[in-house]
Amino acid sequence: MREYEVNEKGHLVFGGCDTVRLAEKYATPVYVMDEGLIRKRLEEIRTVFLQPYPNARAVYASKAFQTKEMCRLVTEGGLGLDVVSGGEIYAALAAGVDPSCMVFHGNNKTPEEIRMAAEAGVGRFIVDNAYELELLEKQAGRGKAPIRVLLRITPGVDSHTHKFISTGNIDSKFGISLEKEERDRIIKRVMDMEGVELMGFHFHVGSQLHENDSHLAALDILLGLVDEVKESLGFEARELNLGGGFGIYYAKGDQTARLKDFVDPMMEKINRFYHERSLPLPLVFIEPGRWICGEAGITLYTVGSVKNIPGIKTYVAVDGGMPDNPRPILYQAKYEAVLANKAAAPKKQIVSVAGKCCESGDILIEDLPVGPVESGDILAVFSTGAYHHSMASNYNRLLRPPVVMVDEGKDHLSVRRETYEDLIAREL
Ligand code: LLP
């Protein structure tokens with residue numbers, strides 16, 4: 001179990017704020033994000049990656065948690081932005097992010113999204129497949145600057161994570177297969193395209209990884225490719241993008257990845273490889289998402305019904321559930337939580353935390369040790385900063401929670417709660 005701060009009232013403190021007071025002020029359910037912790041992670045990226053390696057670049061995978069405020073935080077922190085849709089580009093532009101610092105991903109970018117990104121001047125396109133090249137060809141040459149492209153390859157390595165968030169296997173919907181003929185045909189085609197500049201290659205092996213072995217295995221394959229295409233096509237890769245995937249702590253068995261343990265061995269390999277061939281060092285990108293903001297978020301809920309089934313279990317129902325946190329039902333994700341108003345109480349009871357949706361599977365946490373729980377208590381679930389707000393839905397017409405930012409005892413509303421009017425606003 002993680003450590004957390006408790007004040008003299010026995011209340012959980014997060015980002016210097018009394019979470020019970022936050023629940024009163026903003027109502028529940030509410031996502032609370034600790035800006036200070038996000039800044040700390042951004043600083044670590046600077047100190048272990050960007051500063052020691054002048055050829056290093058980092059972009060934040062905004063799918064993890066994108067708000068305009070978050071876009072500004074990461075930009076101020078010295079990172080660019082990984083975007084995956086017209087919607088993410090739109091929001092990032094609205095936040096004032098320089099489009100040339102955006103890296104555009106996606107396995108099925110639409111013609112409209114490609115046009116939008118090209119017209120906005122998005123800095124890098126990570127091309128996923130041959131069809132995307134056809135679409136890109138239509139845009140190429142229209143803008144003043146060339147469209148800069150990296151090809152996403154499928155390295156064919158298995159990463160040790162949930163199948164739904166493992167992306168580097170040969171059987172993957174993402175990326176270009178390394179089968180020589182197909183691969184060379186695509187590379188050659190990009191090299192020959194007018195208005196398009198091929199910069200290099202990209203991989204992303206998976207998400208929520210605690211060990212660096214899949215990254216290193218994928219990197220070996222990538223560097224092998226760099227050698228081969230230099231030899232066969234005369235193409236020198238000037239940029240390599242190593243994806244994201246650095247894991248965080250949710251529950252027992254997890255650990256927060258040490259970024260240095262991932263980036264140092266990779267940078268060493270890359271820089272040695274380029275030195276040995278007397279080639280100029282390439283720009284090397286990483287794309288962390290979860291690692292930057294996952295542990296910086298908690299969700300506060302109010303406990304409603306407490307139902308004891310003698311000899312079986314106690315269900316503690318909260319005022320949210322799978323619409324604000326679909327991860328347990330999607331990935332069997334595990335969480336830790338504490339009663340925010342009884343944070344110092346001994347945890348003698350084991351309960352299951354149920355959401356309020358009309359689905360038996362809407363269980364947020366099984367077997368949670370808690371203090372003496374009653375209706376009206378505030379439950380704080382930890383590590384909900386990444387892939388929660390961004391994956392939230394309106395299932396059962398629940399209102400999506402607000403986002404409150406906290407920092408050293410100060411709090412402010414960053415995203416307001418959805419309203420019933422919002423729910424029907426699009427209906428004609
Ligand atoms: N780069 C690419 C190309 C990606 O596809 C992803 C995540 C990232 C970077 C950032 O990965 P991260 O550093 O956050 O692990 N919804 C799932 C996670 C899906 C990840 C999708 N791609 C979850 O809640 O676990």
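Helices here are DSSP runs of H or I of at least four residues, strands are E runs of at least two, and both are numbered from the N terminus. With that settled, let's go through the model.

It is a predicted model: local features need pLDDT of at least 70, side-chain atom pairs count only at pLDDT 80 or more, and totals for chains, interfaces and linings use all residues. Residues are numbered from 1 along each chain as its sequence is written, and side-chain values use heavy atoms, with hydrogens and water left out.

Overall shape. The protein has twelve helices and 20 strands. Its radius of gyration, taken over C-alpha atoms, is 23 Å. The globule rule, 2.2 Å times the number of residues to the power 0.38, gives 22 Å for 428 residues, so the protein is as compact as a globular protein of that length. The C-alpha trace spans about 70 × 50 × 40 Å along its principal axes.

Contacts next, meaning heavy atoms within 4.5 Å. Take those between residues at least 6 apart in sequence: 70% join residues at least 24 apart.

Now burial. Buried is under 20% relative accessible area, exposed is over 50%, and partly exposed is in between, with a 1.4 Å probe and protein chains only. On that scale, 55% of the 428 residues count as buried.

On to the cores. A nonpolar core is a set of buried Ala, Val, Leu, Ile, Met, Phe, Trp, Tyr and Cys residues joined through side-chain atoms within 4.5 Å. The largest one holds 106 residues. Which members touch the most others? Tyr60, Phe125, Val149, Leu151 and Phe201. At least three residues come from each of domain 1 (5–34 + 295–424) and domain 2 (35–293). Those bounds come from an automatic or database domain assignment. There is also a second, separate core of 19 residues, and Cys17, Val30, Ala340 and Ala380 are among them.

Zoom in on Phe125. Leaving out residues up to four places away in sequence, its contacts include Phe104, Ile114, Leu136, Ile147 and Val149. Leu136 sits in helix H6, residues 130–139. Leu136 is buried, at 0% relative accessible area. With the same sequence neighbours left out, Leu136 touches Ile114, Phe125, Val127, Ile147, Val149 and Met193. Leu136 and Arg115 are 21 residues apart in sequence, yet 8.3 Å apart in space, C-alpha to C-alpha.

Cysteines. A disulfide is a pair of cysteine sulfur atoms within 2.5 Å. How many does a search of the whole structure find? Zero. Why does Cys293 have no bond? Its closest cysteine sulfur, in Cys71, is 11 Å away, too far. Cys293 is also buried, at 0%. For Cys358, the closest cysteine sulfur is in Cys357, at 6.7 Å, again too far for a bond. Cys358 is exposed, at 67%.

Last, the backbone. The peptide bond from Thr28 to Pro29 is cis, with omega near -10°. Pro29 lies in the loop between helix H1 (19–26) and strand E4 (30–34).

Two residues that are not glycine have positive phi. Gln332 is at about 55°. Where is Gln332 found? In the loop between helix H11 (327–331) and strand E15 (337–339). Gln332 is partly exposed, at 47% relative accessibility. Tyr387 has phi near 60°. Tyr387 is in the loop between strand E18 (378–382) and strand E19 (403–407). Tyr387 is buried, with a relative accessible area of 14%.
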